[in-house]
Amino acid sequence: MMEKNETPQNDANQPEVVSQENIKNIWEQFKEFVVGLLDIRLGAEPKTTIEGIKKDIPFKGHTAWILVFSIFIASIGLNTNSTAVVIGAMLISPLMGPILGIGLSVGINDIDTLKRSFVNFLVMVFLSILTAFIYFKFSPFQTASNEILGRVEPTFLDVLIAFFGGLAGIVAGSRKEKSNAIPGVAIATALMPPLCTAGFGLATGNLSYFFGAMYLFTINTIFIALSTFIIVKYLRFPMARYANAARRKKVNRIVITVALLVIIPSVFSFLSIMKRTFYERDANLYLAETIIFPGAEQIKHNIDFEKKELEVYMIGNNVPVTTIEAWQSKISEIKSLAGTKLKIRQGHDKTDELTSQLSSKVKEGVLQDLYAQNSKELSNKDAKILLLENELKRITEMYKKEKVPLLDLANEAKINYDGLEGLSFAKVIKTNLKKMEEVPVASVTWNKKIKKKVISDQSEKLRKWLQFKLKLDTLLIKQDYY
């Protein structure tokens with residue numbers, strides 16, 4: 001009886017056991033799928049990757065010339081504000097080799113590769129800046145384009161792009177099947193434009209452009225090398241072998257020192273840029289939401305992260321001191337803007353400081369912004385205006401020299417052509433906005449008693465006669481009746 005009672009009980013529990021096993025199998029399959037999806041160790045070829053990176057480190061012969069030519073192309077693209085040309089230059093440039101070599105050599109403790117990478121990195125930087133300097137020194141266009149201005153100050157996003165771009169580059173480069181990720185990383189991280197901008201800064205004597213561009217290039221370099229180091233360590237690339245333990249320890253100390261020199265500045269740079277980015281973001285948000293007063297309008301503002309100052313230029317109604325004090329007190333409520341001083345410059349203020357600021361700095365800034373945004377359009381319009389002015393000047397001078405003896409012609413024509421009541425002459429200026437032309441026109445008034453056929457014949461004869469008298473190639477007759 002007990003066995004009979006136990007059998008139904010086991011049957012009742014069996015579905016539950018099967019269900020738990022199914023859930024466990026599904027979970028194991030899901031984990032296996034995720035591992036297979038995200039595990040970058042699968043398909044990695046450390047030995048081939050090391051050989052490939054080492055091969056791309058040297059800058060000599062054709063590689064050096066490719067770098068020089070690509071720098072020239074990028075400089076022209078920056079000079080003409082052409083993004084497409086800059087991208088094309090970055091596609092052919094060999095800038096990534098030494099940077100990946102630095103990250104690789106630190107990761108595998110290879111002191112010889114590290115030395116080669118640093119030497120070639122310095123050669124690359126020198127050649128690039130020298131080439132850009134030569135181009136911009138002799139270029140007739142010395143104005144900083146939007147493409148150049150965008151490379152003089154790194155942002156938080158530049159750091160992220162360099163880091164994740166470096167990760168993508170080394171992960172793709174570690175595969176057996178190579179992809180086009182390396183050229184893509186060169187474009188995304190924009191290593192070349194900052195070097196060209198640094199050359200522009202030296203050529204034009206603007207050291208702020210030079211140092212700003214070099215800071216951006218340094219940030220990109222550090223984070224690409226750092227991401228390469230991280231992936232090399234994660235994929236457990238084989239370490240470099242040395243003849244004895246003493247040599248290995250010495251190399252280890254040097255590599256650790258270099259690694260710290262790379263990692264520590266990158267951390268500080270990341271934190272500094274992130275802090276600056278958040279400050280500028282919150283400052284712009286504060287200015288847009290808080291600095292509002294009926295009848296007054298912001299025309300320009302300056303955000304100075306270093307001095308912790310917000311300078312706002314306003315026109316329109318006078319903003320009371322109490323309102324400005326309320327705006328200042330609200331800054332303290334924003335953590336990232338703590339300690340920031342608000343300066344309001346108003347158009348009604350006649351102080352020497354505001355007068356000089358408003359008349360020069362603000363107006364100049366507004367005009368520069370307008371010019372930067374519409375330089376091409378303004379250039380085209382200026383060319384058209386100059387063309388029209390020159391043509392008008394030429395025609396005016398021609399009219400001064402050429403005086404048509406209209407009265408004599410009219411009296412003579414009156415004798416020769418019956419029914420002629422009046423005659424006038426003018427040169428009509430016509431244009432299709434591409435070119436201009438002069439059309440001589442004679443307006444003739446006939447007596448309405450004359451038959452139309454007679455007038456038609458007379459008009460043709462008069463046209464030929466006037467054309468001969470005035471020595472014209474063409475002449476139009478406009479008829480009227482009196």
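Here is a short chat about helix packing and nonpolar cores in a predicted model.

Student: How do helices H3 and H4 run relative to each other?

Tutor: Look at residues 62-79 for H3 and residues 83-92 for H4; their axes come within 8 Å and cross at roughly 165°. Angles over 145 degrees count as roughly antiparallel. So H3 and H4 are roughly antiparallel.

Student: What kinds of residues make the contact of H3 with H4?

Tutor: On the H3 side you'll find Ile-66, Ser-70, Ile-73, Ala-74, Gly-77 and Leu-78, and H4 brings Val-85, Val-86, Ala-89 and Ile-92. Sorted by type, the residues of this contact come out as eight nonpolar, two polar and no charged.

Student: And H6 with H10: is that crossing left-handed or right-handed?

Tutor: H6 covers residues 111-138 and H10 covers residues 192-204, and they pack at an angle of about 50° with axes 7 Å apart. That angle makes H6 oblique to H10. As for the hand, the crossing of H6 and H10 is right-handed.

Student: Which helix gives the most to the largest nonpolar core?

Tutor: That core has 63 residues, and Met-124, Val-125, Met-192, Met-214 and Phe-217 touch the most other members. With 14 residues, the helix that gives the most to this core spans residues 207-234: H11.

Student: Which residues does Met-214 touch, leaving out those up to four places away in sequence?

Tutor: Start with two residues from H6's contact with H10, Val-125 and Ile-129. Met-214 touches both of these, and Leu-195 and Ala-198 as well. The full list is Val-125, Ile-129, Leu-195 and Ala-198.

Technical notes:
Residues are numbered from 1 along each chain as its sequence is written. This is a predicted model: local features need pLDDT of at least 70, side-chain atom pairs count only at pLDDT 80 or more; totals for chains, interfaces and linings use all residues. Side-chain values use heavy atoms; hydrogens and water are left out. Axes are lines fitted to C-alpha atoms, for helices over the stretch in contact, and angles run from 0 to 180 degrees between N-to-C directions. Helices (H or I, at least four residues) and strands (E, at least two) are DSSP runs, numbered from the N terminus. Angles under 35 degrees count as roughly parallel, over 145 as roughly antiparallel, 65 to 115 as roughly perpendicular and the rest as oblique. Contact means heavy atoms within 4.5 Å. Ala, Val, Leu, Ile, Met, Phe, Trp, Tyr, Cys and Pro count as nonpolar, Asp, Glu, Lys and Arg as charged, and the others, Gly among them, as polar. A nonpolar core is a set of buried Ala, Val, Leu, Ile, Met, Phe, Trp, Tyr and Cys residues joined through side-chain atoms within 4.5 Å. Buried means under 20% relative accessible area, exposed over 50%, partly exposed in between (1.4 Å probe, protein chains only). A crossing is left-handed if the near helix is turned anticlockwise from the far one by less than a right angle, and right-handed if clockwise.
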